[in-house]
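Q: I should like to learn how to read some features of a protein model. May we go through them one at a time?

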Amino acid sequence: MPKLNENYLKMKENYLFAEIAHRVDKYAKEHPGQKIIRLGIGDVTRPLEAAALKALHEGVDAMAASDTFMGYGPEHGYLFLREAIVAYYASNGVSITPEDVFISDGAKSDTGNITDLFADDNVILIPDPVYPVYVDSNVMSGRRILYIDGNADNDFLPLPDKHIHADIIYLCSPNNPTGAAYTKAQLKAWVDYALENEAVILYDSAYEAYITDPDLPRSIFAIEGAKKCAIEFCSLSKTAGFTGTRLGYTIVPTELTFTASSGETMSLNAMWNRRQTTKFNGTSYIIQHGAAAVFTKEGMAQCRENIRYYQENARMIGQMLTKKGIRFFGGKNSPYIWFECPMGMDSWTFFDYLLDHGQIVGTPGAGFGKNGRNYFRLTSFGLHENTREAMERFDKLF
Ligand SMILES: Cc1ncc(COP(=O)(O)O)c(C=O)c1O
């Protein structure tokens with residue numbers, strides 16, 4: 001009989017979205033004909049932009065002739081795409097090299113798989129509330145996790161505590177679920193802490209394209225010293241509607257090295273390359289060709305247009321919460337709006353209240369950690385008309 005990874009027994013059931021679906025289905029069956037508006041989804045709804053779509057078609061056509069056919073590609077990703085990403089970073093004032101960039105099928109795989117590079121007896125620091133993948137992928141390997149509280153007192157942007165030592169720190173900015181985004185000074189505090197503790201920061205910037213405030217950093221590598229202590233995960237999922245198409249990229253600077261117990265220097269870039277070349281055979285040429293078009297001038301302009309569409313929804317939601325005197329986080333530099341449940345309700349009670357009385361579906365904050373118990377997440381990924389109607393209903397409820 002195989003010995004199983006019994007850490008799986010310690011994992012909480014991933015019941016959040018299943019439970020939401022169950023409650024919504026039950027309500028829909030009991031109230032046929034009622035229009036339910038879903039503002040809980042973390043998935044985009046707008047179709048792929050024209051530039052990417054055209055390039056995806058070209059990629060498919062290339063497969064039709066033997067002189068343009070592409071088989072196995074480099075596990076690291078095609079150079080044309082890595083160079084496009086380097087140029088994109090440069091346009092945001094951040095300098096990286098193609099050797100630092102690894103193409104993948106998305107940020108979820110990479111944030112989960114990166115744990116392969118680290119021993120199991122590291123101390124992991126994870127903010128709460130949080131994108132659940134960071135927690136689950138470490139529980140799977142039996143690692144010790146310390147949580148750091150995000151709450152209204154710190155604007156859901158926890159800062160390092162110099163009395164606590166951690167080896168691996170997860171940060172997500174702009175944050176899912178809270179929508180909060182770190183300033184340069186706040187990120188610098190984390191970089192300084194990591195350098196002092198010889199720790200590594202695993203920085204998830206999946207929502208960087210939603211940052212509108214020019215003073216906010218769109219990459220941790222905008223902070224001096226970060227290349228010696230950070231890995232950054234990014235994705236075209238929310239930037240360019242690639243949630244179904246799948247393309248992510250991870251920046252592991254060649255400068256990022258640590259000393260092994262033998263005294264040897266180990267490069268995380270070389271280790272990740274070794275890991276990927278062993279366990280991954282690359283993202284398809286077709287998708288990488290489509291992704292490269294996203295980084296062209298035309299592609300970027302089309303992305304911005306889609307993002308502006310979602311931002312208008314976020315504005316409508318924020319305007320209503322302001323009218324109701326409900327303090328909220330996010331919405332400006334993020335597609336997520338996070339607020340304390342009105343009338344002292346906990347997040348599941350509020351979920352039922354909003355569904356029963358307004359036929360609106362959101363996401364209970366309890367699904368993202370204990371600090372989300374009394375909070376609620378709405379997203380801006382719906383249609384304008386549905387978001388507007390949801391807010392009209394909200395207006396009548398409170
Ligand atoms: C913070 C965060 N990181 C990563 C992901 C996953 O991105 P991808 O679609 O590239 O796997 C998500 C998706 O919702 C997310 O919210």
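Q: At what angle do the axes of helix α11 and helix α12 cross?

A: Two packed helices are described by the angle between their axes and the distance between the axes. Here the axes of α11 (residues 347-358) and α12 (residues 384-397) come within 10 Å and cross at roughly 105 degrees. Therefore α11 is roughly perpendicular to α12 (65 to 115 degrees). This is a predicted model: local features need pLDDT of at least 70, side-chain atom pairs count only at pLDDT 80 or more, and totals for chains, interfaces and linings use all residues. Residues are numbered from 1 along each chain as its sequence is written, and side-chain values use heavy atoms, with hydrogens and water left out.

Q: Which residues of α11 and α12 meet?

A: Phe-350, Tyr-353, Leu-354, His-357 and Gly-358 in α11 meet Arg-393, Phe-394 and Leu-397 in α12 (heavy atoms within 4.5 Å). These residues divide into 5 nonpolar, 2 polar and 1 charged.

Q: Where are the cis peptide bonds at Pro-174 and Pro-177 found?

A: Most peptide bonds are trans. In this model, a cis bond joins Ser-173 and Pro-174, with omega about -10 degrees, and another joins Asn-176 and Pro-177, with omega about 20 degrees. Pro-174 is in the loop between β5 (168-172) and α6 (184-197), and Pro-177 also lies in the loop between β5 and α6.

Q: What is the phi of Phe-156?

A: Most residues other than glycine have a negative phi. The phi of Phe-156 is near 60 degrees, a positive value, and Phe-156 is in the loop between β4 (144-149) and β5.

Key. Axes fitted to C-alpha atoms, helices over the stretch in contact; angles between N-to-C directions. Helix = DSSP H or I, 4+ residues; strand = E, 2+ residues; numbered from the N terminus. Parallel < 35°, antiparallel > 145°, perpendicular 65-115°, else oblique. Nonpolar A, V, L, I, M, F, W, Y, C, P; charged D, E, K, R; others polar.
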